[in-house]
Amino acid sequence: MAPGSSVAEIVAAAYPGLTDGMQRLLRVTIGDEEVLPAIWHRVRPKPGTQLIIRPVPQGDIMRNVLTIAVTVGALALGQFYGPMLAGSLLGLPGAATGTLASLASAVITGTTLLAGTLLINALVPPRSDAKDKPTYSIQGLQNQLTPDGVVPLVLGKIRSAPPYAATPYTQAVGDERYVVASFLCGYGPLAMRNWRIGETPIERFTDVTLETRQGYAADERLTLYPQQVIEEALSVELKSAAAPTGGPQIRTTASDCTGCEIDISAPSGVFAVNKDGGYQTFTVSINVQYAKSGTDDWVAAPPIVISSKKSSALTRTVPIAFPERGRYDIELTRTTLDWDEADQSKKEIQRHGRTVWSVLRSFRPEYPIDFDKPLALAACRIRATGQLNGMLDALNCDMASICPDWDAASQTWVVRETNNPASLFRYVLTGPAITYPFTLDEVAALEDWHAFCAAKGLTYNRVHDYEASVLDVLGDIAAAGRASPQDSGTAWGVVIDRALDTVTAHISPRNSWGYQGERPYTILPHAFRVSFLDETNGFAKAERIIPLPGHTGPITVTEKIDLPGVTNPDQVYREGRRRGYELQLRRDTHTANQDFEALQCSRGDRAQLLHDVLDRTMVAARVQAVTTIAGRTNVTLDEPVTMEAGQTYAVRFRRDDGSSLLRTIQTAPGETNTVVLTGAGTDPAVGNLAFFGPSSRESFACTVKGIEAMQDLSARLTLIDHAPEIEALVDAEVPPPWSGRAGGEAQEPAGAPLVAIIDAVLSQGALRPMRPRRRTRPPWWW
């Protein structure tokens with residue numbers, strides 16, 4: 001603009017054709033000072049001065065604050081939606097076109113966001129499932145060998161396949177093969193029950209021995225797996241020196257071992273057959289010697305002799321005890337002729353005895369588990385022959401954490417099984433899984449949260465067998481209990497997301513500055529998609545589709561959210577619906593700066609917010625005088641308020657002690673500085689902060705989401721809508737019946753035949769049954 005232009009000329013140049021009636025929709029500021037419309041024609045900014053023109057929405061629609069988040073999406077999309085949003089924001093009839101569209105798009109551009117992104121601003125942000133590997137494999141629950149892995153921490157009640165505590169190995173007893181394995185269930189103590197292999201109870205198997213240790217300090221060691229065993233699977237063909245590829249075979253044991261075992265297998269058995277087809281005994285001999293690795297001091301061991309007349313596979317195990325600990329070379333030499341390599345067609349007796357060195361097993365006398373904290377363990381020895389398909393890798397059971405749990409009846413913490421998030425939160429901070437456990441004095445009182453979780457049916461069930469920070473684990477547990485962790489500086493506690501009646505802070509332009517508001521705009525999905533382990537179906541993986549509140553019709557657009565540790569289908573539904581209500585009822589984020597008054601606030605507190613940017617009918621003032629005339633209390637404010645006939649109004653006062661006082665007032669149409677209190681209640685005092693507005697909402701109820709310290713004891717407060725109705729709406733939700741089934745019917749139900757079958761004929765008034773005959777398929781031309 002040319003130097004010397006007035007504000008009115010600048011506005012007219014920026015928005016040609018703007019009517020006088022639209023001037024009330026604009027706010028002009030130079031620096032921190034507002035230029036009122038009445039003096040626009042007289043104010044001429046100096047050269048180089050920055051002048052800002054913003055629209056000022058009116059009425060309740062001012063909840064749509066001026067700063068709209070531009071986070072995700074293309075600029076073109078924002079420019080497309082900008083004018084249309086402006087028409088909605090400013091409460092103007094019709095589409096925003098022409099001059100109005102130009103005015104609106106000058107300050108309003110919006111883009112669409114994913115619904116999950118919006119939930120980041122919630123008091124309890126959504127959690128992501130940080131677990132790298134799934135509990136279930138494609139085949140189902142699987143035991144895994146995880147050297148140097150994380151010790152599982154079982155929280156709540158869950159079904160799990162524990163990892164191996166040591167490498168499983170096999171044993172040959174006669175012609176039967178057994179599997180011996182130990183399992184690390186987690187930090188103790190744990191309750192373990194309902195052991196299964198796959199889906200079959202372990203009691204259904206034969207020749208099986210199972211022993212468990214709950215994880216107490218006084219537990220004895222496992223007896224089924226008392227020492228370290230290093231098993232190496234081999235497939236070394238043993239042939240005599242007469243065969244072209246025969247001769248001695250040498251393999252080396254593990255280091256520092258005291259002994260070993262050698263498994264010799266005969267895949268086709270060891271037997272002889274005479275000309276009449278009768279089986280006879282045949283013997284295979286194998287010489288054994290060993291020497292310490294790196295030396296030639298060979299020591300002969302007793303030879304391996306296998307005598308049998310069976311044509312089925314068999315295995316023989318031979319132990320060797322070494323004179324001292326170390327690493328040894330083992331040499332096996334077959335001395336029996338390899339009849340399987342020869343032509344025996346003309347022999348009266350045909351001999352068979354192909355042998356394979358199948359396993360070399362090394363032993364160390366030390367206990368296989370070396371850990372400084374009590375662990376819940378299990379060991380199993382089971383006959384694999386005829387029962388298992390290879391190794392024992394699907395052993396699982398139901399587990400439950402045993403830790404202090406709040407008992408409301410006795411008002412004490414009782415050690416027992418629990419899946420209440422409050423008890424598990426306390427257990428993580430003070431239990432064995434944390435490197436430096438906190439003392440009970442460093443953990444805030446959680447009894448109230450425990451009662452809240454119990455009343456709402458909130459539970460947490462999960463195996464933490466992956467690397468994660470303590471804060472991440474606490475965040476997952478707290479989120480399942482509708483809370484978020486908080487370190488007050490003296491103790492760890494939580495902030496519960498629930499409806500509050502007590503108002504802690506009153507925020508207005510009178511005691512704050514630098515207000516900003518934000519509302520992201522989004523196209524919401526039709527439903528949330530939640531994957532979880534279904535506790536009603538053996539903790540099998542399941543997925544539930546949860547429609548957003550208010551959605552009707554088919555569901556074609558879904559968005560995935562995670563609810564870690566939530567395993568109850570009804571709880572999954574309610575928590576998904578709660579997230580939907582949050583998207584709809586907590587859309588705005590407010591920030592404001594306060595001086596030392598911010599010290600009285602904590603995360604999760606309720607605050608009342610008033611700002612003329614949010615609603616021009618609301619006024620922030622202070623009480624100048626309180627008088628009582630003829631039984632009526634008159635309160636004089638230092639700011640004028642405007643009332644309209646037919647409307648009702650109220651004033652909220654902040655008392656000297658910080659408490660909140662809400663009083664209705666008598667409607668006096670027009671502008672006034674004095675209001676008359678109505679109804680019962682105490683009177684305010686001079687100097688009290690006053691919030692004037694409609695009786696339905698004299699100010700906005702908010703929740704303190706964050707507090708950022710600034711200089712000179714000031715702080716920046718981040719607020720979100722309190723929306724107390726969310727809790728009531730969620731409590732009223734009735735989850736639909738859940739079966740866990742996915743998909744529709746695979747085929748038409750059997751019943752009605754495709755072709756009619758005649759069973760009887762009615763002729764001349766009599767029912768004559770037909771002669772029974774064989775039913776056949778209809779001919780091709782039917």
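Two strands are said to pair if DSSP finds at least two bridges between them. The exercises below apply to a predicted model.

**Exercise 1.** Determine in which sense E28 and strand E34 pair, and where the two strands stand in their sheet.

*Solution.* Begin with the bridges: E28 and strand E34, which spans residues 606-609, are joined over three bridges in the parallel sense, and the definition asks for at least two. Within this region, Ile 507 stands opposite Leu 609 of E34. Next, place the strands in the open sheet, where six strands follow the order E28-E34-E41-E42-E33-E29 with mixed pairing. Strand E28 (505-507) and strand E29 (513-518) each have a single partner strand and stand at the edges, so one side of each lacks a neighbour in the sheet. From one strand to the next, the twist averages 35°.

**Exercise 2.** Describe how helices H5 and H6 meet, and state which residues make the contact.

*Solution.* Take the geometry of the axes as the starting point: those of helix H5 (residues 421-430) and helix H6 (residues 447-456) come within 7 Å of each other and cross at roughly 140°. H5 and H6 are therefore oblique to each other, since only angles over 145 degrees would count as roughly antiparallel. The contact is formed on the H5 side by Pro 421, Ala 422, Ser 423 and Phe 425, and on the H6 side by Trp 449, His 450 and Cys 453. Sorted by character, the residues of this contact comprise five nonpolar, two polar and no charged.

**Exercise 3.** Work out how the buried residues of H6 are arranged around its axis, and do the same for H1.

*Solution.* In H6, the buried residues are Trp 449, His 450, Phe 452, Cys 453 and Lys 456. Because these residues cover an arc of only 160° around the axis, they lie on the same side of H6. The face turned away from that buried side carries Ala 454 and Ala 455, which are exposed. Just after H6, Gly 457 adopts a positive phi of about 70°. In helix H1 (residues 7-14), the buried residues include Val 7, Ile 10 and Val 11, and their arc of only 95° around the axis puts them on the same side of H1.

**Exercise 4.** Characterise the surroundings of Thr 642.

*Solution.* Thr 642 belongs to strand E36 (residues 632-643), and its relative accessibility of 46% makes it partly exposed. Leaving aside residues up to four places away in sequence, Thr 642 touches Tyr 649, Gly 670, Glu 671 and Phe 692. For one of these, Glu 671, the separation from Thr 642 is 29 residues in sequence and 4.3 Å in space, C-alpha to C-alpha.

Technical notes: Residues are numbered from 1 along each chain as its sequence is written. This is a predicted model: local features need pLDDT of at least 70, side-chain atom pairs count only at pLDDT 80 or more; totals for chains, interfaces and linings use all residues. Side-chain values use heavy atoms; hydrogens and water are left out. Axes are lines fitted to C-alpha atoms, for helices over the stretch in contact, and angles run from 0 to 180 degrees between N-to-C directions. Helices (H or I, at least four residues) and strands (E, at least two) are DSSP runs, numbered from the N terminus. Angles under 35 degrees count as roughly parallel, over 145 as roughly antiparallel, 65 to 115 as roughly perpendicular and the rest as oblique. Contact means heavy atoms within 4.5 Å. Ala, Val, Leu, Ile, Met, Phe, Trp, Tyr, Cys and Pro count as nonpolar, Asp, Glu, Lys and Arg as charged, and the others, Gly among them, as polar. Buried means under 20% relative accessible area, exposed over 50%, partly exposed in between (1.4 Å probe, protein chains only). The arc is that of the directions from the helix axis to the C-beta atoms.
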